[in-house]
Amino acid sequence: MKQFAKVSSIVIVLFFSNTFIYKEALHLWEIPAVNKSEVEHHDVGIVLGGMFEYDNSVDRLSIRRGGDRIWQAIDLYKSKKISKICIVGKHGDVTDKGLDEANQLKLQLLEWGIPPLDIIVETDSRNTNENAQYTAALFKQSYPHFDSFLLITSARHMKRAKASFDRYGMQVTPFSTDQYTGNERFYHWNEFLIPDSDTFTGWFGLIKEWVGYVGYWFY
């Protein structure tokens with residue numbers, strides 16, 4: 001029994017730390033990104049939070065990988081692919097760590113010269129389901145004249161996020177960012193052979209997406 005447990009533990013660690021296996025799973029799950037030239041004009045680009053942490057020691061936002069969401073949104077706005085930028089979400093922390101993402105990011109966009117009338121914020125949601133629920137209610141109540149929406153979030157997160165907006169009757173067009181994989185497969189030799197602790201950690205994020213997506217079928 002001890003030998004079986006030992007072997008099983010080794011197999012599990014090797015499986016979940018193998019970058020090739022992880023990327024293949026991601027390849028099947030992610031909604032691929034597209035070039036902005038393929039995007040038609042939309043009234044609003046809806047940017048989901050989870051992009052920043054707040055550095056209280058210097059009183060400023062600190063960007064994470066998901067920050068590609070706002071980077072792409074700004075590029076789409078400057079390219080006149082979207083007319084408004086809607087930033088969604090307060091923070092997803094259990095305790096208050098100083099982050100008020102939508103409001104703080106709005107201030108940053110204003111500093112960068114984006115007009116206040118072109119920035120919409122949803123400031124209360126703390127998870128993907130609330131992102132969709134509160135945003136749908138916001139536009140129905142305060143901005144009923146907008147009818148085309150581009151959903152901007154990470155490729156790994158897009159499938160679950162779009163399912164959330166569908167659930168609340170808000171039709172959105174996906175625009176994926178910070179994808180781990182693309183349409184073309186490309187691997188380095190070490191991704192087949194060398195265990196990677198970052199890959200092991202990445203599985204937690206992917207499994208979270210799977211569980212959340214499946215959960216929509218039951219609630």
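Biologist: Which residues of helix α2 (residues 19–29) are buried?

Modeller: Thr19, Tyr22, Lys23, Glu24, Ala25, Leu26 and Trp29 are. Keep in mind that this is a predicted model. In general, an α-helix has 3.6 residues a turn, so residues three or four places apart point the same way.

Biologist: And what do those buried residues of α2 pack against?

Modeller: Three other helices: α6 (155–167), α7 (189–193) and α8 (197–215).

Biologist: What makes Asn18 a cap for α2?

Modeller: Look at the N-terminal end of the helix, where a side-chain oxygen of Asn18 lies 3.1 Å from the backbone nitrogen of Phe20. The cut-off for a polar contact is 3.5 Å, and that 3.1 Å is within it.

Biologist: Let's move to Ser125, in the loop between β5 and α5. Why does Ser125 count as buried?

Modeller: Buried means under 20% relative accessible area. Ser125 has 1%, so it counts as buried.

Biologist: What does Ser125 touch?

Modeller: Leaving aside residues up to four places away in sequence, Ser125 touches Val88, Gly89, Lys90, His91, Glu130, Asn131 and Tyr134. With Asn131 there is a polar contact, side chain to side chain, at 2.7 Å.

Biologist: Now the sheet. Why is β5 called an edge strand?

Modeller: Start with the order, β5-β4-β1-β6-β7, in an open sheet of 5 strands with parallel pairing. The strands β5 (119–122) and β7 (173–177) each pair on one side only, and that makes them the edges. From one strand to the next, the twist averages 25°.

Biologist: How do you know that β6 (residues 149–154) and β7 are paired?

Modeller: Two strands pair if there are at least two bridges between them. Here β6 and β7 have 5, in the parallel sense. As one spot to look at, Thr153 stands opposite Ser176 in β7.

Biologist: Which helices lie on this sheet, and at what angles to β5?

Modeller: Among them is α4 (residues 101–111), which lies across β4 (82–88) and β5 and runs at about 165° to β5. Helix α5 (residues 128–142) packs on the sheet too, touching β1 (42–48), β4, β5 and β6. The direction of α5 makes about 130° with that of β5.

Biologist: What makes Lys80 and Asp178 worth a look in terms of phi?

Modeller: Most residues other than glycine have a negative phi. Lys80 has a positive phi of about 60°, and Asp178 has one of about 30°; neither is a glycine. Lys80 sits in the loop between α3 (68–78) and β4, while Asp178 sits in the loop between β7 and α7.

Biologist: Are they buried or exposed?

Modeller: Lys80 has a relative accessible area of 66%, and the cut-off for exposed is over 50%, so Lys80 is exposed. Asp178 has 12%, which is under 20%, so Asp178 is buried.

Biologist: Zooming out, how do you know whether the radius of gyration agrees with that of a compact globule?

Modeller: With 219 residues, a compact globule would come out near 17 Å; the protein has 19 Å, which agrees. The C-alpha atoms fill a box of roughly 65 × 40 × 35 Å along the principal axes. Buried residues make up 43% of the 219.

How values were computed. Residues are numbered from 1 along each chain as its sequence is written. This is a predicted model: local features need pLDDT of at least 70, side-chain atom pairs count only at pLDDT 80 or more; totals for chains, interfaces and linings use all residues. Side-chain values use heavy atoms; hydrogens and water are left out. Helices (H or I, at least four residues) and strands (E, at least two) are DSSP runs, numbered from the N terminus. Axes are lines fitted to C-alpha atoms, for helices over the stretch in contact, and angles run from 0 to 180 degrees between N-to-C directions. Contact means heavy atoms within 4.5 Å. The radius of gyration is taken over C-alpha atoms; the globule rule is 2.2 Å times the number of residues to the power 0.38. Buried means under 20% relative accessible area, exposed over 50%, partly exposed in between (1.4 Å probe, protein chains only). A polar contact is a pair of N or O atoms within 3.5 Å; within protein, one must be able to donate a hydrogen and the other to accept it, and residues adjacent in sequence count only if both atoms are side-chain atoms.
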